[in-house]
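Biologist: I should like to learn how to read several features of a protein model. Could we begin with the surface?

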Amino acid sequence: MRLVFAGTPEVAVPALDALLASDRHEVVAVVTRPDAPAGRGRRMVASPVAERAEEAGIEVLKPNRPRDEDFLARLREIAPDCCPVVAYGALLPKAALEIPRHGWVNLHFSLLPAWRGAAPVQHAVMAGDEVTGASTFLIEEGLDSGPVYGVLTEQIRPTDTSGDLLTRLALAGGGLLAATMDGIEDGTLEAVPQPAEGVSLAPKISVEDARIDWTAPALRCDRVVRGCAPAPGAWTVFRGERLKVMSLALAPERTDLAPGEIAAGKKSVHVGTGSHAVELQWVRPQGKKPMQAADWARGVRITAGEKLGDGPAA
């Protein structure tokens, strides 16, 4: 089939690579989000998918909005058979959905209908799910509600961050998306409607979602930190400023600390929660680089009884 691939971030590149490697299909163009400012200099930078497509010598389309008539006209000229999608980042209008004869097929990183939305992997980790996966489905006008072509499953390991899990799903999902294209082409795959039961939503993680509630059980604090790593980053408040908590470990042997209370030793920093303590491993103070928690604690000179999470952040 003639394919137009739609995707934007680094997590979409493995799927594009899988399709480029296929001897059954031809990726004739890529659709991605417009260049965006990045880095300290805020210079305009192309998306990872755009960079990979340019390396491969493929036409790159960067519409400001997918409903723009010049983009729709060019898509009609290209006349793709199918448009595979991974994390494109913009809503597709009906006019675009109708152009390819086999529609737009999305690779979504959850076992649909669970975790429909922008942040399925983060929500799966934060909810304490033991298993997640990826699904390919036919895009329709509803939110991730179209019929499903194929799925794969992936175990969520006890120490997985959302970044760890997403890396594995992106690699495995590339193969799933390529296999889905094969099945659509030869007619062996039929999309199956999603069940009405088991629907859950995964909106983008807000700044407030990423704030650690030290009165919650230690397991919940751990899941928030892992689910928000690497982005947007879990955080708390210390002396009126935000402190990002990049990683921690459970410390069930310690139950003598009140929620948020800090106990700093020479080589370790423990914090109380609603159940037992956790040990801070890596933190990032406001305006500074990441550092080991013990180094941070020595620098700020923790006093007895000081707590994390008290008061609003500056």
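Modeller: Let us begin with L201, which counts as exposed because its relative accessible area is 53%, and the cut-off for exposed is over 50%. Please bear in mind that this is a predicted model.

Biologist: Where is the place of L201 in the chain?

Modeller: L201 sits in the loop between helix 6 and helix 7 (218-227).

Biologist: Which residues form a nonpolar patch on the surface with L201?

Modeller: The partners of L201 in this patch are L143 and V199. Together, the three residues have about 280 Å² of accessible area.

Biologist: Let us turn to charged side chains. How many salt bridges does the count come to?

Modeller: A salt bridge requires a side-chain nitrogen of Lys or Arg within 4 Å of a carboxyl oxygen of Asp or Glu. By this rule, there are 18 salt bridges. One of them joins the side chains of R74 and E59, at 2.8 Å from N to O. This pair links distant parts of the chain, since R74 belongs to helix 3 (residues 69-78) and E59 to strand 5 (residues 59-61), 15 residues apart.

Biologist: Are R74 and E59 buried or exposed?

Modeller: Neither term applies, because the class between them is partly exposed. R74 counts as partly exposed at 29% relative accessibility, and E59 counts as partly exposed at 30%.

Biologist: Which residue forms a salt bridge with R168?

Modeller: The partner of R168 is E154, and their closest N and O atoms are 2.7 Å apart. R168 is in helix 6 (residues 162-186) and E154 is in strand 9 (residues 148-155), so this pair ties together parts that are 14 residues apart in sequence. Both R168 and E154 are buried.

Biologist: Where do R298 and D295 lie?

Modeller: Helix 8 (residues 293-300) holds both R298 and D295, which are 3 residues apart, about one turn of the helix. They form a salt bridge whose closest N and O atoms are 2.2 Å apart. R298 is partly exposed at 48% relative accessibility, and D295 is partly exposed at 38%.

Biologist: Which residues are linked with R24 in a network of salt bridges?

Modeller: The network links R24 with D182, E185 and D186.

Biologist: I should next like to read a helix by its buried residues. Which residues of helix 2 (residues 48-55) are buried?

Modeller: In helix 2, the buried residues include V49, A50 and A53. They lie on the same side of helix 2, because they cover an arc of only 100 degrees around the axis.

Biologist: What do the buried residues of helix 2 pack against?

Modeller: They pack against strand 1 (2-7), helix 1 (13-20), strand 2 (26-31) and strand 5. After helix 2 comes G57, which has a positive phi, near 75 degrees.

Biologist: Finally, how is a pair of aromatic rings described?

Modeller: One gives the distance of the centres and the angle of the planes. In this model the count comes to 1 aromatic pair. The pair is formed by F238 and W296, with 5.0 Å centre to centre and 70 degrees between the planes. This arrangement is edge-to-face, because the cut-off for that class is over 60 degrees. F238 lies in strand 10 (residues 235-238) and W296 in helix 8, so the pair ties together parts that are 58 residues apart in sequence.

Biologist: Are F238 and W296 buried or exposed?

Modeller: F238 and W296 are both buried.

How values were computed
Residues are numbered from 1 along each chain as its sequence is written. This is a predicted model: local features need pLDDT of at least 70, side-chain atom pairs count only at pLDDT 80 or more; totals for chains, interfaces and linings use all residues. Side-chain values use heavy atoms; hydrogens and water are left out. Helices (H or I, at least four residues) and strands (E, at least two) are DSSP runs, numbered from the N terminus. Buried means under 20% relative accessible area, exposed over 50%, partly exposed in between (1.4 Å probe, protein chains only). The arc is that of the directions from the helix axis to the C-beta atoms. Contact means heavy atoms within 4.5 Å. Patches are made of residues with over 30% relative accessible area and no salt bridge: like charges are joined within 9 Å, nonpolar side chains (Val, Leu, Ile, Met, Phe, Trp, Tyr) within 5 Å. Accessible areas come from the Shrake-Rupley method with a 1.4 Å probe; for residues, only the protein chains shown count as cover. Rings of Phe, Tyr and Trp (its six-membered ring) pair if their centres lie within 6.5 Å; planes under 30 degrees apart count as stacked, over 60 as edge-to-face and the rest as tilted.
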